[in-house]
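Trainee: Could we go through this structure together? I would like to ask about individual residues as they come up.
Mentor: Certainly; please begin wherever you wish.

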Amino acid sequence: MLRKAIDAVLETTVVGSFTKVGYEARRRLYDWQDLASLDMAGKIVVITGGNSGLGLVTAKELAGLGADVRIVARDAGRGAAAVEEIDALGAGRAGLYVADLSSLDDVRRLADQIAERESRLDVLVHNAGALLAERKESVDGYEMTFATMVLGPFLLTNEVLPLLRATPDGARVLWIASGGMYTQPLDVDELEMGPEDYSGATAYARAKRAQVVLAEEWGKRLRGDRVAVHAMHPGWADTPGLETGLPGFRTLLGPILRSPEQGADTIVWLAAADEPGRVTGRFWLDRAPRSTTKLVPSRATAEERDKLWRLCERLTGAASP
């Protein structure tokens with residue numbers, strides 16, 4: 001009980017919870033299982049945005065546990081360099097898929113390639129994303145953050161469902177969100193920001209909120225299919241994305257930011273440990289389920305949830321599972 005009370009106090013502080021202070025405190029409070037004791041031999045993991053930051057750290061950690069890791073990168077050269085780094089570890093084999101998650105045609109092509117090349121898909125990690133300073137549009141005409149972090153992952157999940165469902169011993173789908181999502185409610189009508197009021201940080205936070213809701217909704221729909229779906233946020237980790245997207249924030253909190261390895265810890269644990277496979281539709285930080293509401297009244301209504309799902313179906317052409 002004392003451990004949970006201390007954890008709850010950390011959670012209310014936000015800064016104490018999201019920085020390395022929270023990570024180190026919880027690691028000691030709960031005497032976490034060593035990730036090195038987990039076994040991913042024979043399992044195949046696909047990680048979007050796996051060529052840098054948390055995605056690359058996650059790929060290396062899972063390969064070190066024996067998984068065959070496939071990273072999805074937009075740039076072939078950077079993707080190939082990441083594969084070399086992973087292969088140099090001498091553990092699980094790495095592979096590369098080149099695709100732009102903001103392009104719906106690219107996502108469909110990617111899903112076809114995965115289905116053709118892979119015999120199973122144990123874990124799909126939705127990690128790709130970026131915080132953009134200026135508004136851009138995808139090749140399909142959607143705001144880039146919305147296209148990359150909402151529509152692309154939704155369509156990819158739907159397209160690889162047959163492989164996920166057929167994977168022996170069950171599969172997992174992980175959505176890598178952000179603590180920034182706590183600042184935004186789910187308002188589907190405001191999800192895709194126009195040029196007149198665009199803010200990169202706001203667009204990013206709204207997309208992350210949508211990801212968390214979609215993870216919950218996928219969890220409900222796949223509950224009977226041996227496919228566990230979870231969202232998580234890694235805390236405030238010092239990654240290239242943070243340096244590029246929020247340089248002032250990084251400078252302010254630099255000494256207490258989590259390392260990329262600390263940020264990726266729960267991702268690896270969700271992919272490899274037994275406990276996350278026994279539940280679904282949860283939102284995690286530091287290996288524990290957390291509330292999805294904090295800073296603003298942001299609990300998504302049933303109406304908004306349904307509206308988001310129907311929007312994703314309509315814009316991607318994906319049929320309900």
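**A conversation about the model**

Mentor: Let us start with Ile176, which is found in strand 5. Please keep in mind that this is a predicted model.

Trainee: Is Ile176 buried or exposed?
Mentor: Ile176 is buried, because its relative accessible area is 3%, and the cut-off for buried is under 20%.

Trainee: How far apart in space are Ile176 and Glu134?
Mentor: Their C-alpha atoms are 23 Å apart, and in sequence the two residues are separated by 42 residues.

Trainee: And what separates Asp105 from Leu54?
Mentor: The distance is 26 Å between C-alpha atoms, with the two positions 51 residues apart along the chain. Asp105 lies in helix 6 and counts as exposed, at 55% relative accessibility.

Trainee: Turning to the interior, how many residues does the largest nonpolar core have?
Mentor: The largest nonpolar core has 61 residues, and those with the most contacts inside it are Leu214, Trp218 and Leu308.

Trainee: Which elements give two or more residues to this core?
Mentor: The helices that do so are helix 6 (104–117), helix 7 (144–159), helix 8 (161–166), helix 9 and helix 13 (302–316). The strands are strand 5, strand 6 (227–232) and strand 7 (282–285).

Trainee: Where does the largest share come from?
Mentor: Helix 7 supplies the largest share of this core, with eight residues. As general background, nonpolar side chains tend to be buried together in soluble globular proteins.

Trainee: Now the charges. How many salt bridges does the structure hold?
Mentor: It holds 23 salt bridges. One of them joins the side chains of Glu11 and Arg26, at 3.0 Å from N to O.

Trainee: Which parts does that pair tie together?
Mentor: Glu11 lies in helix 1 (residues 2–13) and Arg26 in helix 3 (residues 20–29), so the pair ties together parts that are 15 residues apart in sequence.

Trainee: Are those two side chains buried or exposed?
Mentor: Glu11 is buried, with a relative accessible area of 12%. Arg26 also counts as buried, at 0% relative accessibility.

Trainee: What about Arg70 and Glu118?
Mentor: Their side chains meet in a salt bridge of 2.9 Å, N to O. This pair links distant parts of the chain, 48 residues apart: Arg70 is in strand 2 (residues 68–73), whereas Glu118 is in the loop between helix 6 and strand 4 (123–126). Arg70 is buried at a relative accessible area of 13%, and Glu118 counts as buried at 8%.

Trainee: And how are Arg221 and Glu217 placed in helix 9?
Mentor: They are four residues apart in helix 9, so about one helical turn separates them. Their side chains meet in a salt bridge of 2.9 Å, N to O. Arg221 counts as partly exposed at 33% relative accessibility, while Glu217 counts as buried at 8%.

Trainee: Which residues are joined into one network by salt bridges that share partners?
Mentor: The network consists of Asp7, Glu11, Arg26, Arg258, Asp286 and Arg290. Glu11 and Arg26 are the pair in the salt bridge of 3.0 Å discussed above.

Trainee: On to the surface. Which residues form a negative surface patch?
Mentor: Asp187, Glu190, Glu196 and Asp197 form one.

Trainee: Where is Glu196?
Mentor: Glu196 is in the loop between strand 5 (171–176) and helix 9 (200–221). Glu196 is exposed, with a relative accessible area of 67%.

Trainee: One more topic, the backbone. What is the phi of Asp31?
Mentor: Asp31 has a positive phi of about 50°, although it is not a glycine. Asp31 lies in the loop between helix 3 and strand 1 (44–48), and is exposed, with a relative accessible area of 65%.

Trainee: And what is the phi of Arg226?
Mentor: Arg226 is not a glycine either, yet it has a positive phi of about 60°. Arg226 is found in the loop between helix 9 and strand 6. Arg226 is described as partly exposed, because its relative accessible area of 48% falls between the cut-offs of 20% and 50%.

Technical notes
Residues are numbered from 1 along each chain as its sequence is written. This is a predicted model: local features need pLDDT of at least 70, side-chain atom pairs count only at pLDDT 80 or more; totals for chains, interfaces and linings use all residues. Side-chain values use heavy atoms; hydrogens and water are left out. Patches are made of residues with over 30% relative accessible area and no salt bridge: like charges are joined within 9 Å, nonpolar side chains (Val, Leu, Ile, Met, Phe, Trp, Tyr) within 5 Å. Accessible areas come from the Shrake-Rupley method with a 1.4 Å probe; for residues, only the protein chains shown count as cover. A salt bridge is a side-chain nitrogen of Lys or Arg within 4 Å of a carboxyl oxygen of Asp or Glu. Lys and Arg count as positive and Asp and Glu as negative; His and the chain ends are not counted. The place of a charge is taken as NZ of Lys, CZ of Arg, CG of Asp or CD of Glu. Buried means under 20% relative accessible area, exposed over 50%, partly exposed in between (1.4 Å probe, protein chains only). A nonpolar core is a set of buried Ala, Val, Leu, Ile, Met, Phe, Trp, Tyr and Cys residues joined through side-chain atoms within 4.5 Å.
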